[in-house]
Amino acid sequence: MIIGKTITAQAHPNIALVKYWGKRRKEGNIPAVGSISITLDTLYSRTSIRLEPALRGDRFIFNGAPAPEAQRRRVQMFLDIFRRRAGRAVFARIESENNFPTAAGLASSASGFAALAVAANRAFQLHLEERELSRLARQGSGSAARSIFGGFVEMHAGTRPDGSDAFAEPLLAPEAWPLRVVICITSRQEKSIGSTEGMERTAATSPFYSAWVSSSKDDLAEIRRAIRGKNFRELTEVSEHSCLKMHGLILSARPGILYWNGTTVELIHRIRALQRDGVPVFFTIDAGPQVKAVCLPEALSDVVGALKRVDGVREVLVTGLGQGARIVEGDG
Ligand code: PMV
């Protein structure tokens, strides 16, 4: 264990193209379906940990201020896994910062827990390999398992009851197919219904849930093929299908959940119009109203130019594909 020294890790958010929605077990966030994502660059969470034997509980500072108690407890429960593995009940001071808006469908929990897993692994000197870190990150947030790796990443749902086969692994390095992602922020409000609650309600009430789960295997096979062949048209088809199918599913819960606003819909129409003009771009949307447009590098300026003019778009962020979670300070 490294006592009294600050260790900092950085991780990037990821965006699923074939979506994860639904858990086969809530405890440990074991997913009901596999998913495939891209890890971004430019946007990041930077998370520091310092083990301090004098503390009686973990301290958690988030974006410069003490985090609300519920968030602090979530982090403490996550670090309990590391304490159990290390056989040492030492608490920590954790500071985490995001350089992008939190809780608006941009998966800040994914990059945050991936960074914390990597930093805690070093602080507790557990020497865990990436696959195991991915399993652990999953227990903080399902999508965090994917942010351990860079580029194109597949998360396996697995079948074992203990979730030991539910981990992510890399499919293709970011440089191998350098797509661009244009994130259109349409609202800065925190989302109304968190993903865990939304998933539970959907699984319990939607008549479409079993079809969602059983059809995911075909989507995964198709997107693997698209990525392997760097076939942008196929990537477009399967990604938009998975996104719209997930939102259709979520709408069919009772009561139904609608994460979109009017601008979200306008952006979908605008992107479909760009496609009709031959621009290689597609949309994807998570549990919030932001729209992420994924395009080939040569289409970037057309896509940014068109989308930032859509009424209601507050900000446009441009990123590429980035690396997995890593230590950035306090190494050695
Ligand atoms: O990891 P969570 O619990 O925030 O769930 C992520 C759910 C989606 O972002 C909507 C889809 C996905 O695969 O990331």
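Student: What makes the approach of S195 to the ligand a polar contact?

Tutor: An N or O atom in the side chain of S195 is 2.8 Å from an oxygen atom of the ligand. A polar contact is a pair of N or O atoms within 3.5 Å, so the pair with S195 qualifies. The protein also covers 92% of the 380 Å² of accessible area that the ligand has on its own, with areas taken from the Shrake-Rupley method with a 1.4 Å probe. The model is predicted: local features need pLDDT of at least 70, side-chain atom pairs count only at pLDDT 80 or more, and totals for chains, interfaces and linings use all residues. Residues are numbered from 1 along each chain as its sequence is written, and side-chain values use heavy atoms, without hydrogens and water.

Student: How do you know that the ligand lies between two domains?

Tutor: Domain 1 (7-177) and domain 2 (180-319) both contribute residues to the shell, so the ligand lies between them. The domain bounds come from an automatic or database domain assignment. The shell holds 13 residues, each with a heavy atom within 4 Å of the ligand.

Student: Why are β8 and β16 called edge strands?

Tutor: The open sheet has six strands in the order β8-β7-β9-β6-β1-β16, with mixed pairing. β8 (65-66) and β16 (326-329) each have a single partner strand, so one side of each is left without a neighbour in the sheet. Strands are DSSP runs (E, at least two residues), numbered from the N terminus.

Student: What makes β1 and β16 a pair?

Tutor: Pairing requires at least two bridges found by DSSP. Three bridges join β1 (residues 7-11) to β16, so the two strands pair, and they run antiparallel.

Definitions and conventions. A polar contact is a pair of N or O atoms within 3.5 Å; within protein, one must be able to donate a hydrogen and the other to accept it, and residues adjacent in sequence count only if both atoms are side-chain atoms. Helices (H or I, at least four residues) and strands (E, at least two) are DSSP runs, numbered from the N terminus.
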